[in-house]
Each structure stands twice: as structure tokens, then as C-alpha cells.
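Notebook open, coffee poured. I'll start with the surface and work my way to the pocket.

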Amino acid sequence: MTEMMRHNDILEWTRDHRVHHKYSETDADPHNARRGFFFSHIGWLLVRKHPDVARKGKQLDLSDLYADKVVMMQRRYYRLSIVIMCFLVPTAVPYYFWGESFQNAFFISSILRYVLTLNATWLVNSAAHMWGNRPYDKNINPAQNRGVAFSAVGEGFHNYHHTFPHDYGTSEFGWHLNVTTAFIDFFAMLGQVSDRRKISHDTVERRKARTGDGS
């Protein structure tokens, strides 16, 4: 449980995600899908990382993360925030304000919700790297998986994401099955998000014609 919780602070997640993109489907990929569904879904959190993950990860420039005060504050208080916001608050609110039993509040609002959310997220590393079409680049594992896009609020358009990793929307379809992009756009309207990068339609079409599977 501790390893799962630590995996998700901003700095560690971003470090692993950068390694994942740079060395996708190799031993340096933390959740290498070529090692099978179970490994890429949850197994990689249960075993020691392959030495290549640590070795290649140390070569990445993470200075932008260490210089970000929000990232470092979140990292400093991450375990405490997980206990409070992931378990205590979801249990306390239905128990004290909705008259729910403690057992239901804890096992459903806290534990079941946590398990479902984790597995929906992990499908991005497993299912979306195995099943689906590849309209942008047929030569890579990541695929367009609408089921994962729905369960992970937008992260299932994975062939696009790995072909154009610098597109903030992770998809060419805007808000379609993509609550995450809508969330970012909403806060951009409030002035809280800037420098959103989007790939032009012409660039996407040229790439589809050159390396796509025709789907």
C-alpha cells in the first residue's frame, strides 16, 4: 500500500511518466506492457523496479520539478494528505452528514472507491497499451481504447498521446470522453492554466497518413 501511495506524488509520477515515454515498452519503462497485462497493470508496483528504470531515470532532467514549490510541498505532505483526503474525509462525510453506517462509509465511500479509481487509472498502463486501434502510429503499442478513455476520464486515447505527448489534451477530439481536458480548459478560463500546447489538425492528418493503421 505504501508503494502505491508513494507512486502517485507529483514528482515521482512525473519522473516515472517521463521515463515511460522516453523508453516505452523497454526494460527502462516502469510498467513495460511487453511483460504482460498483470505486470503493466499492477505487478510493477509489487516488485523491485528493473535496474534500467533507475539508471535511465537518473539521466532525466527533473530540475523543473524540484524548483516548483507546489510539487515539493505536495511531496512533503503526500502521505498525510492521502490518509486525510483519501480515507478519513470520504468516511467521515457520509457517516456524520448523511447518516450512513460507519461500515458502509468506510468500505464503500473510502475503500471500494479507492480500489475502483486505482484500477481505472492502471488500465491506461495495461489495456490501453494492448488493445485498440492505432490511427496515428501503427508501430507502437499504445492504442486508442474508448473503454479506458471513459474509465480514466480521457486518458484512453493513448496512441495519440504517445504520438503527440506534448498535446495537453491527449486527444484530437477535445472534450469527447475527456473530462480531464474539460477540467483543464475550465481552469484556463479562470486564469489558473496557461501555455496549453495543441497539435494542429494538419500535422495530425499528415502523421496519420504517414504512420497510421488507416482506422
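Surface first. I looked for exposed nonpolar side chains and got a patch of about 750 Å², made by Met73, Tyr77, Leu80, Val83, Ile84, Met85, Leu88 and Val89. Worth noting up front: this is a predicted model.

Which helix gives the most to that patch? I checked, and H7 does, with 6 residues. Val83, one of the patch residues, is found in helix H7.

Next I pulled the UniProt record. The unreviewed entry lists residues 77-98 as "transmembrane region". Helix H7 itself runs over 78-97. I then computed the 77-98 span: it is 91% helix and 0% strand, with its end C-alpha atoms 29 Å apart.

The same look-up turned up a domain, too. The unreviewed UniProt entry puts "Fatty acid desaturase" at residues 11-166. Over that stretch I get 57% helix and 0% strand, and the end C-alpha atoms sit 18 Å apart.

Then the pockets. The largest pocket has a volume of about 1,600 Å³. It is lined by 45 residues, and the closest to its centre are Trp13, His17, Glu155, Thr180 and Ile184. The elements that give two or more residues to the lining are helices H1 (2-7), H2 (10-22), H7 (78-97), H8 (102-122), H10 (158-163) and H11 (179-189). H2 gives the most, with 7 residues. So H7 turns up twice in my notes: in the nonpolar patch and in the pocket lining.

Last entry: what is the make-up of the lining by residue class? I counted 19 nonpolar, 19 polar and 7 charged.

Key:
Residues are numbered from 1 along each chain as its sequence is written. This is a predicted model: local features need pLDDT of at least 70, side-chain atom pairs count only at pLDDT 80 or more; totals for chains, interfaces and linings use all residues. Side-chain values use heavy atoms; hydrogens and water are left out. UniProt positions are given in the numbering used here, feature names are shortened, and annotations may be inferred rather than shown by experiment. Helices (H or I, at least four residues) and strands (E, at least two) are DSSP runs, numbered from the N terminus. On a 1 Å grid over the protein atoms alone, a cavity is a set of points where a 1.4 Å probe fits but cannot get out, and a pocket is an open set with protein on both sides within 12 Å along at least five of seven lines; lining residues have an atom within 4 Å of a point. Grid points are joined across faces, edges and corners, and a volume is the space filled by probe spheres set on the points. Ala, Val, Leu, Ile, Met, Phe, Trp, Tyr, Cys and Pro count as nonpolar, Asp, Glu, Lys and Arg as charged, and the others, Gly among them, as polar. Patches are made of residues with over 30% relative accessible area and no salt bridge: like charges are joined within 9 Å, nonpolar side chains (Val, Leu, Ile, Met, Phe, Trp, Tyr) within 5 Å. Accessible areas come from the Shrake-Rupley method with a 1.4 Å probe; for residues, only the protein chains shown count as cover. A salt bridge is a side-chain nitrogen of Lys or Arg within 4 Å of a carboxyl oxygen of Asp or Glu.
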